[in-house]
Amino acid sequence: MKVTIVGAGAVGASCAEYIAIKNFASEVVLLDIKEGVAEGKAMDLMQTASLNGFDTKIAGSTNDYSKTAGSDIAVITSGIPRKPGMTREELIGINAGIVKDVVSSLIEQSPNVIVIVVSNPMDTMTYLTHKATGLPKNRIIGMGGALDSARFKYRLSEALECPASDVDGMVIGGHSDTGMVPLTRLAVRNSVPVNKFLSKERLNQVAEDTKVGGATLTKLLGTSAWYAPGAAVSALVQAIACDQKKMFPCSALLDGEFGLNDICIGVPVILGKNGIEKIVEIELDEAEKTKLRESAEGVKKVNALL
């Protein structure tokens, strides 16, 4: 199992570290356009192998895509990160060109690769990858919902004053501050609906805090977050590599599901060795359907800028 991560910045390096520590891949290739960065981070990570007990080989490369040949899964994190006050949508002009070049170079070396898109604006970059490559739709996955759902569960556990492992919940819709749809109605604490513990007002606050989760961290850090995004990507990679058939909300190309067409947006999917094995159409109430439609309209407006 060979995994390539394009972009050896904070998110890409964190993702490589988590994949290595989980010890399910034989090789991880870190690739970056900046001279020496990928090689340096790969070496630094390899020097933790005996300390962290993993056998995964991590190699770095400066823009040499031949080193990625034969990759089973490729993660695209390249592009510029958000700065304070910046929306994910404002990155489109620069990142669209980068993502298009990266994905064509990857497919040239690994025609059967499954692609996970992380670069922002993520739903639009996932859509661009579909349009630019024509790959089967199961092989292109946008990583947003897995991260947003982790942030939702963090906020729920905070409100409930319980461990995050006690909580389950999901965020669908666009990966943007206004487009996320945290499904508070369906969130549970050990199978008990969270609305048994929390007031409607508190749940609304949890949802709002979730939606600005990335912006909150960008303001504190001065750049985009990396630990949780890296962990979220590694969870998707593991689900595919180990054929786990796990359910995650991911940005997938829809063809009538949820009443939406010709758009990539976050919905529940089953991930396995073929990538997206199934889109799960859960039943939404009218308020949730309205929010998802509004989110889709926002994503389509950004897609139109392509």
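# Notebook: salt bridges, a small sheet, a pocket and a patch

Lys137 counts as partly exposed, at 35% relative accessibility. I note up front that this is a predicted model.

**Entry 1: Lys137 and its partner**

I looked up what the side chain of Lys137 meets, and found Glu257 in a salt bridge at 3.9 Å, N to O. The cut-off for a salt bridge is 4 Å. The pair links distant parts of the chain, 120 residues apart. Lys137 sits in the loop between helix H5 (122–133) and strand S6 (140–142), while Glu257 is in the loop between strand S12 (246–255) and strand S13 (261–272). Is Glu257 buried or exposed? I get 14% relative accessibility for Glu257, so this residue counts as buried. Buried here means under 20%.

**Entry 2: the salt bridge count**

How many salt bridges does the structure hold? My note says 12. A reminder to myself on the chemistry: side chains of opposite charge can pair when their charged atoms come close.

**Entry 3: a pair inside helix H6**

Next I checked Arg155 and Glu158, whose side chains meet in a salt bridge at 2.9 Å, N to O. Both are in helix H6 (residues 145–160), and because they are 3 residues apart, about one helical turn separates them. I also looked at cover for the two residues. Arg155 comes out as buried at 18% relative accessibility, whereas Glu158 is partly exposed with a relative accessible area of 36%.

**Entry 4: Asp285, Arg185 and a network**

I then went to Asp285 and Arg185, which form a salt bridge between their side chains at 3.3 Å, N to O. This pair also links distant parts of the chain, with the two positions 100 residues apart. Asp285 is in the loop between strand S14 (275–279) and helix H10 (286–304). Arg185 is in the loop between strand S9 (180–182) and strand S10 (188–189). Asp285 is partly exposed at 29% relative accessibility, and Arg185 is partly exposed with a relative accessible area of 36%. Which residues are joined into one network by salt bridges that share partners? I wrote down Arg185, Asp285 and Glu288.

**Entry 5: a three-stranded sheet**

Strand S10 led me to an open sheet of 3 strands, in the order S7-S10-S11, with antiparallel pairing. The edge strands are S7 (167–168) and S11 (192–193), each pairing on one side only. I looked at how S10 and S11 are joined, and found 2 bridges between these antiparallel strands. For Val188, the bridge partner in S11 is Pro193.

**Entry 6: the largest pocket**

I pulled up the largest pocket, which holds about 820 Å³ of space. Its lining has 42 residues, and the closest to the pocket centre are Thr77, Ser78, Gly79, Ile80 and Pro81. Which elements give two or more residues to the lining? I listed helix H1 (10–22), strand S2 (27–32), helix H2 (37–46), helix H4 (92–109), H6 and H8. H4 gives the largest share of that lining, 5 residues.

**Entry 7: a leucine patch**

Helix H8 came up again when I checked Leu220, which lies in that helix (residues 213–221). Leu220 is exposed, with a relative accessible area of 69%. Together with Leu217 and Leu221, Leu220 makes a nonpolar surface patch of about 290 Å².

Technical notes
Residues numbered from 1 in each chain as written. Predicted model: local features only at pLDDT ≥ 70, side-chain atom pairs only at ≥ 80, totals over all residues. Heavy atoms only, no water. Patch = residues over 30% accessible without salt bridge, like charges linked within 9 Å, V, L, I, M, F, W, Y side chains within 5 Å. Areas by Shrake-Rupley, 256 points an atom, 1.4 Å probe, with all protein chains shown as cover. Helix = DSSP H or I, 4+ residues; strand = E, 2+ residues; numbered from the N terminus. Buried < 20%, exposed > 50% of the residue type's maximum accessible area, 1.4 Å probe, protein only. Pairing = 2+ DSSP bridges. 1 Å grid on protein atoms, 1.4 Å probe; cavity = no way out; pocket = protein on both sides within 12 Å on 5 of 7 lines; lining within 4 Å. Points joined across faces, edges and corners; volume = space filled by probe spheres on them.
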